[in-house]
Amino acid sequence: MDLRTRRGGSRPLSLARRPRAAPRLRALSAAVAVAVAAGPALAQPAPPATDAATPVKEGAAPAAEAGAPAREGAAPATGAAVPAEEAPVSETDRQVARLHFEKGLTLLREEAWGPALAEFLLSRKLFPTRAATNNAAIALRKLQRYDEALEMFETFLRDFTMSAAERAAAQREIAELRALVGTLDITNAEPGASIVVSGEERGQYPPVKPIRVAAGPHVVRVFKEGYEPVETRVDVAGGQTVTVNAKLRRLTRSGRLRVVERAGKTVDVLVDNVVVGQTPWIGALSVGDHMVALRGAGKLGTQPTAAPVKPQELTTLSLLAEDLDASLRIDPTPPGASVWINSVNVGNGVWLGRLKAGTHRVEVKANGFVTGTRTVTLQKGQRQSLDMRLERDEDADIWRKPPKITLDVSASFLLAPTLGGAITDGCDSGCSSSLGLGGLGMIHGGYELGSGIGVGLELGGLFAAQQIDERSATLRPVGYRDPLDGTASDTLRLGGFLAGATFGYHFGEDFPALLRLGAGVLVGEVRDERTGRFRTTGGEWFNTSPMVDFASATYFYADPEVRLGLRLGERWEVSGSLKLLLLIGLSKPKWDRTIELAAASDGIGTYEPDSLMGDFVLMISPGASLRHEF
């Protein structure tokens with residue numbers, strides 16, 4: 001035998017042929033050449049026989065031997081590899097085990113992980129050796145079946161003797177895999193109930209050991225005759241324990257199903273992927289369609305068959321068990337999708353089973369997704385895996401959000417280049433005018449469809465102020481034909497309330513956006529505090545006393561708005577907004593011409609009835625809002 005050593009983590013272990021064919025079986029029973037060294041977690045296949053290797057003779061030291069399965073009370077094995085069972089292994093089984101091992105090693109070098117795994121598992125079944133166990137664990141990890149890989153590495157560490165370097169490599173593998181494996185804690189089930197996880201039987205309740213699963217989504221099904229089955233989808237994180245409440249309820253509406261094997265064979269009966277007994281079998285099931293299959297030793301069995309169970313009736317299935325010489329594994333996405341083979345529903349989630357060689361129609365269905373269909377042709381002896389990823393059906397009801405009532409409040413600044421009117425029109429080269437500044441607060445309530453289209457009502461209040469200094473103005477003395485020329489300074493303040501209706505479109509998830517248009521009426525008042533400086537008819541300058549006028553203002557408004565927000569939980573949203581506020585005059589405010597003031601030597605005068613705001617006023621309103629959905 002050769003001891004082949006490469007640097008790396010857990011390496012595929014190889015068996016090298018001796019030069020002569022005669023001692024072949026003696027060499028296999030005496031020692032298995034192993035190549036395991038410290039390094040990365042996963043290794044490449046062992047090097048060919050021409051690489052540097054250390055010859056191993058019969059009766060060599062334990063570090064170079066195949067480890068024998070450890071037995072209670074036995075010393076560490078230093079001789080031939082023997083099965084864990086007490087019964088001796090025949091030379092024929094050892095020879096067949098070796099052939100499957102070598103075939104698996106070839107497949108491992110080709111990175112055909114699935115077929116290689118099948119060969120190593122079969123080799124272990126016939127004659128469990130350290131090499132087959134290690135290589136099976138590596139193939140399982142490559143296939144991302146982390147829970148099974150963890151268990152296999154633990155078996156490798158527990159049942160075989162090995163060098164310190166080999167043990168350290170296996171321990172590193174176990175530590176890494178434990179971070180990729182979670183645990184299912186099944187509670188409240190009926191004793192004896194069968195547990196199926198992602199299409200694989202995991203024993204009965206209560207389980208004798210923790211149910212470990214690879215991190216990710218899984219479909220858990222708990223079944224017991226006479227009870228309604230419990231099926232649920234769970235997401236398991238690495239190192240996490242997920243509790244599944246499997247409280248079973250007794251059947252209230254049931255029928256009976258009788259299953260017989262046509263040739264009288266005694267084989268297992270599977271109902272919905274759970275072994276319920278052996279043929280002939282009869283039992284109570286929930287009303288509806290069920291999947292039935294027979295499974296015997298080796299390849300013996302039947303393909304999935306539909307079994308419709310009717311209330312208070314007996315349904316009989318007569319099935320013929322025959323050799324099923326191909327196998328198929330179906331991995332659907334989404335994970336809980338239902339799988340159909342030849343129009344028979346074989347369950348939800350991963351399905352693994354044997355089928356006849358030939359053509360089969362596979363369908364995967366899930367609510368909210370487009371049904372996927374694939375035709376698979378299986379050759380005799382073929383093991384095939386099929387990944388079926390469904391496309392989302394955007395028109396499906398499941399993706400349509402339900403309608404909701406919304407309420408949002410917003411606060412924003414107001415910036416107006418000008419409030420318009422004759423006052424700002426008279427601001428010539430000797431005049432100065434500030435920007436119109438203010439604030440706007442709004443409350444909006446609406447009804448929003450699942451599509452994001454919504455309508456609503458809004459109420460709000462605003463104020464804005466603008467200063468105009470030294471504009472051209474006139475003061476008309478009472479009884480005089482010609483006005484007095486001069487300048488005036490105005491402090492304008494607009495305040496009012498808005499009420500209107502809105503139409504909008506809300507879209508996005510984590511960063512939602514809103515496009516909305518509102519329209520309504522602004523009812524308010526403009527306050528103008530005015531002072532002036534004028535020249536009398538006699539040519540003397542005088543200053544007028546401050547005067548204040550209040551004028552009502554009624555405007556139609558439109559306020560297109562865009563928002564970009566951040567989702568806070570399921571019902572809250574905060575966003576920044578930009579709104580344009582366009583005012584169209586319905587009743588423009590004007591200075592009251594009846595207000596009289598002293599005009600120095602010219603007696604009493606009045607200001608002209610100038611408009612305080614324009615026919616059209618545009619304001620820009622950046623701000624923030626908070627939205628709640630009911």
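**Fold composition, internal cavities and local backbone features**

Of the 630 residues of the protein chain, 47% count as buried. The model is predicted, and its secondary structure comprises 7 helices and 40 strands. The protein chain exposes about 30,200 Å², of which carbon and sulfur atoms supply 55%. When contacts between residues at least 6 apart in sequence are considered, 66% join residues at least 24 apart.

A search of the whole structure for enclosed space returned 5 cavities of 30 Å³ or more. The largest cavity has a volume of about 90 Å³. Its lining consists of 16 residues, and His444, Glu448, Gly454, Val455 and Arg516 are those that lie nearest the centre. By residue class, the lining of the largest cavity divides into 4 nonpolar, 9 polar and 3 charged residues. At least two lining residues are supplied by each of four strands, namely E30 (436-448), E31 (453-477), E32 (484-507) and E33 (513-535).

Strand pairing was examined around strand E16. Strand E13 (residues 268-271) pairs with strand E16 (residues 288-295) in the antiparallel sense, over 4 bridges. Within this pairing, valine 271 has valine 292 of E16 as its bridge partner. Strand E16 is also joined to strand E18 (residues 305-309) by 5 bridges, and these two strands likewise run antiparallel. Here the bridge partner of valine 292 is threonine 305 in E18. Valine 292 is thus bridged to valine 271 and to threonine 305.

Serine 327 belongs to strand E21 (residues 326-333). Its relative accessibility is 11%, and serine 327 is therefore classed as buried, the criterion being a value under 20%. Leaving aside neighbours within four places in sequence, the residues in contact with serine 327 are Gly353, Arg354, Leu355, Leu378, Gln382, Arg383 and Gln384. The C-alpha atom of serine 327 is separated by 9.5 Å from that of lysine 299, a residue 28 places away along the chain.

Two cis peptide bonds preceding proline were identified in loops. The bond from tyrosine 205 to proline 206 is cis, with omega near -5°, and proline 206 is placed in the loop between strand E5 (200-204) and strand E6 (211-214). A cis peptide bond also joins threonine 279 and proline 280, where omega is about -10°. Proline 280 occupies the loop between strand E14 (274-278) and strand E15 (281-286).

Positive phi values were found at two asparagine residues. Asparagine 188, although not a glycine, has a positive phi of about 65°. This residue is located in the loop between strand E3 (181-187) and strand E4 (194-197). Asparagine 188 has a relative accessibility of 43% and so counts as partly exposed. Asparagine 273, likewise not a glycine, adopts a positive phi of about 70°. Its position is in the loop between E13 and E14. With a relative accessibility of 16%, asparagine 273 falls under the 20% limit and therefore counts as buried. The two asparagines are accordingly assigned to opposite sides of that limit, asparagine 188 at 43% and asparagine 273 at 16%, because buried means under 20% relative accessible area.

Key
Residues are numbered from 1 along each chain as its sequence is written. This is a predicted model: local features need pLDDT of at least 70, side-chain atom pairs count only at pLDDT 80 or more; totals for chains, interfaces and linings use all residues. Side-chain values use heavy atoms; hydrogens and water are left out. On a 1 Å grid over the protein atoms alone, a cavity is a set of points where a 1.4 Å probe fits but cannot get out, and a pocket is an open set with protein on both sides within 12 Å along at least five of seven lines; lining residues have an atom within 4 Å of a point. Grid points are joined across faces, edges and corners, and a volume is the space filled by probe spheres set on the points. Ala, Val, Leu, Ile, Met, Phe, Trp, Tyr, Cys and Pro count as nonpolar, Asp, Glu, Lys and Arg as charged, and the others, Gly among them, as polar. Buried means under 20% relative accessible area, exposed over 50%, partly exposed in between (1.4 Å probe, protein chains only). Contact means heavy atoms within 4.5 Å. Accessible areas come from the Shrake-Rupley method with a 1.4 Å probe; for residues, only the protein chains shown count as cover. Two strands pair if DSSP finds at least two bridges between them.
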